[in-house]
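This briefing is meant to be read beside the sequence and the coordinates. Please keep both open while working through the points on aromatic rings, the surface and the pocket.

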Amino acid sequence: KELRKKQGLTLEKLAYESEFSKGGLSEVERGLREIKISSLEKLCASLDISLSHFFEYYEKWKVE
């Protein structure tokens, strides 16, 4: 969610670009739904970041 907001993307726009439903993406952002790595790749591509950047960001966020 934080990465999406940093880029000024709405939930609806990112869901559309990454072929998710708006509700499904919302559940992923809130930690209520797990996704396949292939789906995470689509999200990262829509956010214009690499998978490695996502995981680096995630690890940093987890610690804080």
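What follows covers the aromatic pairs, then a nonpolar surface patch, and then the largest pocket. The model is a predicted one, and the values below are computed from it. Three aromatic residues, Phe 54, Phe 55 and Tyr 58, are linked by ring pairs into a cluster, and members of this cluster return in the later topics.

**Aromatic pairs**

- The structure contains two aromatic pairs, and in the pair made by Phe 54 and Phe 55 the ring centres are 5.3 Å apart with the planes at 80 degrees, so this pair is classed as edge-to-face, given that planes over 60 degrees apart count as such.
- Phe 54 also pairs with Tyr 58, and here the rings are stacked, with 6.5 Å from centre to centre and 10 degrees between the planes, an angle that falls within the stacked class because that class takes planes under 30 degrees apart.
- Phe 54 and Tyr 58 are four residues apart in helix 5, which spans residues 51–63, so about one helical turn separates them.
- The two descriptions above rest on the same kind of values, because a pair of aromatic rings is described by the distance of the centres and the angle of the planes.

**Exposure of the ring residues**

- Phe 54 has a relative accessible area of 23% and is therefore partly exposed, since the buried class is reserved for values under 20%.
- Phe 55, which is found in helix 5, has a relative accessibility of 39% and likewise counts as partly exposed.
- Tyr 58 is also partly exposed, with a relative accessibility of 34%.

**Nonpolar surface patch**

- Ile 37, Phe 55, Tyr 58 and Trp 61 make up a nonpolar patch on the surface, and together they have about 420 Å² of accessible area.
- Helix 5 gives the largest share of this nonpolar patch, with three residues.

**Largest pocket**

- The largest pocket holds about 670 Å³ of space, and its lining consists of 22 residues, of which Lys 1, Val 28, Glu 29, Phe 54 and Tyr 58 lie nearest the centre of the pocket.
- Two or more lining residues of the largest pocket come from each of helix 1 (2–6), helix 3 (22–29), helix 4 (37–47) and helix 5.
- Helix 5 supplies five residues to the lining of the largest pocket, which is the largest share.
- Tyr 58 thus links the topics of this briefing, as a member of the aromatic cluster, of the nonpolar patch and of the residues nearest the centre of the largest pocket.

How values were computed:
Residues are numbered from 1 along each chain as its sequence is written. This is a predicted model: local features need pLDDT of at least 70, side-chain atom pairs count only at pLDDT 80 or more; totals for chains, interfaces and linings use all residues. Side-chain values use heavy atoms; hydrogens and water are left out. Rings of Phe, Tyr and Trp (its six-membered ring) pair if their centres lie within 6.5 Å; planes under 30 degrees apart count as stacked, over 60 as edge-to-face and the rest as tilted. Buried means under 20% relative accessible area, exposed over 50%, partly exposed in between (1.4 Å probe, protein chains only). Patches are made of residues with over 30% relative accessible area and no salt bridge: like charges are joined within 9 Å, nonpolar side chains (Val, Leu, Ile, Met, Phe, Trp, Tyr) within 5 Å. Accessible areas come from the Shrake-Rupley method with a 1.4 Å probe; for residues, only the protein chains shown count as cover. A salt bridge is a side-chain nitrogen of Lys or Arg within 4 Å of a carboxyl oxygen of Asp or Glu. On a 1 Å grid over the protein atoms alone, a cavity is a set of points where a 1.4 Å probe fits but cannot get out, and a pocket is an open set with protein on both sides within 12 Å along at least five of seven lines; lining residues have an atom within 4 Å of a point. Grid points are joined across faces, edges and corners, and a volume is the space filled by probe spheres set on the points.
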